[in-house]
Amino acid sequence: MMDVKDRSEDNQRELLEELRSHEKLTPKQRRAIEPQPMPEQPPEVRRHNIQEVPLGLSATAAMIEAYRCIDCKKAPCVSGCPVGIDIPGFIRRIQKGDFKGAIQVIRETNCLPAVTGRVCPQEVQCQAKCTVGKVHKDVSMAVSIGRLERFVADWERDNKQFEKPETAPSTGKRVAVVGSGPAGLTVAGDLVRLGHGVTVFEAFHKPGGVLVYGIPEFRLPKESIVQKEVDLLETLGVCFEMNVVIGQTITIDELLEEEGFDAVFVATGAGLPYFLGLPGEELIGVYSGNEYLTRANLMRGYGFPETDTPMVPSKNVAVFGGGNVAMDSARTALRLGAENVYLVYRRSREEMPARNEEIHHAEEEGVQFMLLNNPVRFHGSDEGRLKAVELLQMELGEADASGRRRPVPVEDSNFKVEIDTAIISIGNGPNPLVPATTPGLETSPKGNIIADRDSAKTSKRGVFAGGDIVLGAATVILAMGEGRRAARAIDEYLKTGKW
């Protein structure tokens, strides 16, 4: 068999024909195939635009990547997928060039494949369990499941191959879904296919929840990806009601008692930003990550003045945090024209919770990492505008409850950095509005709705909950997994009336 390493685009097709010429490839031969690289915009180009950074695999590259799967009998990758996609099943079809069959397999369990193929942390889920990666003792050598999922989802959209799945006869039952993020969209898609009427209520003017307000365009295009997935749900019969704030416009009790809904699923997410609690945090120029990204993404602030949302020009920006929201905020600030973007994190790079891919992209684009530093005070002008942040150097001590080494202050190491914008991206809490306006709905001390993990049932009859409002801030795919379990439980409740 020919050497299959370091293949260029010019001879990918030749390699594919070589692979196809073998009646049956052994696992060893499959493991010898190098992972297919994802083409990307160059860093010096992409930092000046909002277009998607990864460009997607070609059909040839996708089929070669599919040949890397050794089709394990136990399929450990499936156990790593929160929604239980038949991963070997869809990869086998890609290998054969049956892209339509591949997307049909995925859509049996995942209603948002173009989304999850882009933003899912596959490296700690399905790909972490991939046998190929384990044999190589390197998760980066695992089969690129997420990239293959993205490929077939994009192929379906680009070739207009979506087929409306069969739906059960109408049951006459109606379900209200509060929130149109990943958990809400998943519940809506599953329940409408089971024959129930579904109405999704969204507080913003566009559906998608965190998919549209929290994730930048360069990671997840809104019109071509998120809106298209919503459009597909509408073709199945899901109704979307925008600009409806449940708990203010109308309450949960009114949905059940006056509007005639038989059940309610609450998926309002974790949209309450946490702040540092430092002196000067009230200064003009200090944002939460949520507000900054919402202005830039949902309200299209990156297009000002062509759009109506002003974004104050920033020269020197400091982002505080080490997660994906911090990376998104820093990379967005670059695209909005900042000359210097500092990412301030009190631990080292190894302790950062963000995806390695996002950290790598941020570094490539010019984000300046100020690791082992912690803010202690913001300084402002006489007019109340942010001028600088005072930082304290840190060093790592013993591990804390999270398993990460605890940051310890270095005595007398304070110094200032001149900035005009600060973005606090240290996490979010549960949206408090629905619990505060729904008598009998129990919550945890942190404000999360208490719901059974298997059935999503809350303390209030007919009310189910899932996603970040229950889990706390988590990933898109975990929220979707919650939605799938909830849909099964809601269907059972509507059929039997048992609580």
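## A crossing of two helices

In this predicted model, helix 11 passes helix 20 in a right-handed crossing. The contact is made on one side by Pro182, Ala183, Thr186, Val187, Asp190 and Leu191 of helix 11, and on the other by residues of helix 20 that include Val476, Met480, Gly483, Arg484 and Ile490. Sorted by character, the residues of this contact divide into ten nonpolar, two polar and three charged.

Two packed helices are described by the angle between their axes and by the distance between those axes. For helix 11 (residues 182-193) and helix 20 (residues 476-496), the axes come within 7 Å and cross at roughly 35°.

## An enclosed helix

Helix 7 (residues 99-107) is largely enclosed by the rest of the structure, because seven of its nine residues are buried. These buried residues are Phe99, Gly101, Ala102, Ile103, Val105, Ile106 and Arg107. They pack against several helices, among them helix 4 (59-67), helix 6 (87-95), helix 10 (145-158) and helix 11, the last of which also takes part in the crossing with helix 20.

## A parallel sheet

Five strands form an open sheet in the order 6-14-7-8-9, and their pairing is parallel. Strand 6 (286-288) and strand 9 (368-371) are the edge strands, each of which pairs on one side only, and the twist from one strand to the next averages 20°.

At the strand 6 edge, three bridges join strand 6 to strand 14 (residues 421-424), and Ser288 stands opposite Ile424 in strand 14. Helix 15 (residues 289-296) packs on the sheet, where it touches strand 6 and strand 14, and its direction makes about 85° with that of strand 6.

Note on methods. Residues are numbered from 1 along each chain as its sequence is written. This is a predicted model: local features need pLDDT of at least 70, side-chain atom pairs count only at pLDDT 80 or more; totals for chains, interfaces and linings use all residues. Side-chain values use heavy atoms; hydrogens and water are left out. Axes are lines fitted to C-alpha atoms, for helices over the stretch in contact, and angles run from 0 to 180 degrees between N-to-C directions. Helices (H or I, at least four residues) and strands (E, at least two) are DSSP runs, numbered from the N terminus. A crossing is left-handed if the near helix is turned anticlockwise from the far one by less than a right angle, and right-handed if clockwise. Contact means heavy atoms within 4.5 Å. Ala, Val, Leu, Ile, Met, Phe, Trp, Tyr, Cys and Pro count as nonpolar, Asp, Glu, Lys and Arg as charged, and the others, Gly among them, as polar. Buried means under 20% relative accessible area, exposed over 50%, partly exposed in between (1.4 Å probe, protein chains only). Two strands pair if DSSP finds at least two bridges between them.
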